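Hi,

Here is the structure I promised to pass on. Have a look at it first, and then read on for what turned up.

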Amino acid sequence: MAFRQMRRFKQALSDAECAKILSSERRGTLAVIGDDGYPYAVPINFYYDETERRITFHSAGSGHKFDAMQRCDKVCFTVYDAGEQRGDWSYYVKSVIVFGRVRPVTDPAEKYRKAKAFGMKYYPSEEELLGELARDLERAQIMEIRIEQMSGKLVHEK
């Protein structure tokens, strides 16, 4: 599939800038095709693996989000930073939009590796994370978005 090119290409961010935002920001919005074809967008915590160019997150094994991903693996994921002021009252905000396909991570070794990388972004210590993984990883669904298209944009909100 050919994805649309950004209309305001002068505001485009480089792949490196997109990767920096995906690596540093803590939350994004995952959009799926929900019930009866309605869009369903939900904020999630995530981890971006720049080497693999994949986004990892966790999910329950049932519910609106999980059921939608089972019906259709095409997703959109959006992240934006807090913005910065540059001289006046308005903000410059950087955002990244990813289109891709989502899949559950089923291989136990891969699931553990991805869950640990994801958790290290949020947990205060490795010890605390390892305890959580030992208790809950077996029943958690670790999901991964394989990025097909990624674009970033700088917007001056004025």
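Contact here means heavy atoms within 4.5 Å of each other. Keep in mind that this is a predicted model.

Let's start with the helices. On the α3 side, Tyr112, Ala115, Lys116, Gly119 and Met120 are in contact with α4, where Glu126, Leu129, Leu130 and Leu133 meet them. Sorted by type, the residues of this contact come out as six nonpolar, one polar and two charged.

How do the two helices lie against each other? Two packed helices are described by the angle between their axes and by the distance between those axes. Helix α3 covers residues 108-120 and helix α4 covers residues 126-136; they pack at an angle of about 135°, and their axes are 10 Å apart. Because of that angle, α3 counts as oblique to α4. The crossing of α3 past α4 is right-handed.

Now for the strands. Strand β3 (residues 47-49) and strand β4 (residues 54-59) run antiparallel and are joined by three bridges. If you want a place to find this pairing on screen, look for Tyr47, which sits opposite Thr56 in β4. The two strands make a hairpin, with four residues between β3 and β4. One residue to check in that turn is Arg53, which has a positive phi of about 60°.

β4 has another partner to look at: β4 also pairs with strand β8 (residues 141-157), in the antiparallel sense and over six bridges. Here you can look up Ser59, whose bridge partner in β8 is Gln141.

Cheers

Conventions. Residues are numbered from 1 along each chain as its sequence is written. This is a predicted model: local features need pLDDT of at least 70, side-chain atom pairs count only at pLDDT 80 or more; totals for chains, interfaces and linings use all residues. Side-chain values use heavy atoms; hydrogens and water are left out. Axes are lines fitted to C-alpha atoms, for helices over the stretch in contact, and angles run from 0 to 180 degrees between N-to-C directions. Angles under 35 degrees count as roughly parallel, over 145 as roughly antiparallel, 65 to 115 as roughly perpendicular and the rest as oblique. A crossing is left-handed if the near helix is turned anticlockwise from the far one by less than a right angle, and right-handed if clockwise. Ala, Val, Leu, Ile, Met, Phe, Trp, Tyr, Cys and Pro count as nonpolar, Asp, Glu, Lys and Arg as charged, and the others, Gly among them, as polar. Two strands pair if DSSP finds at least two bridges between them.
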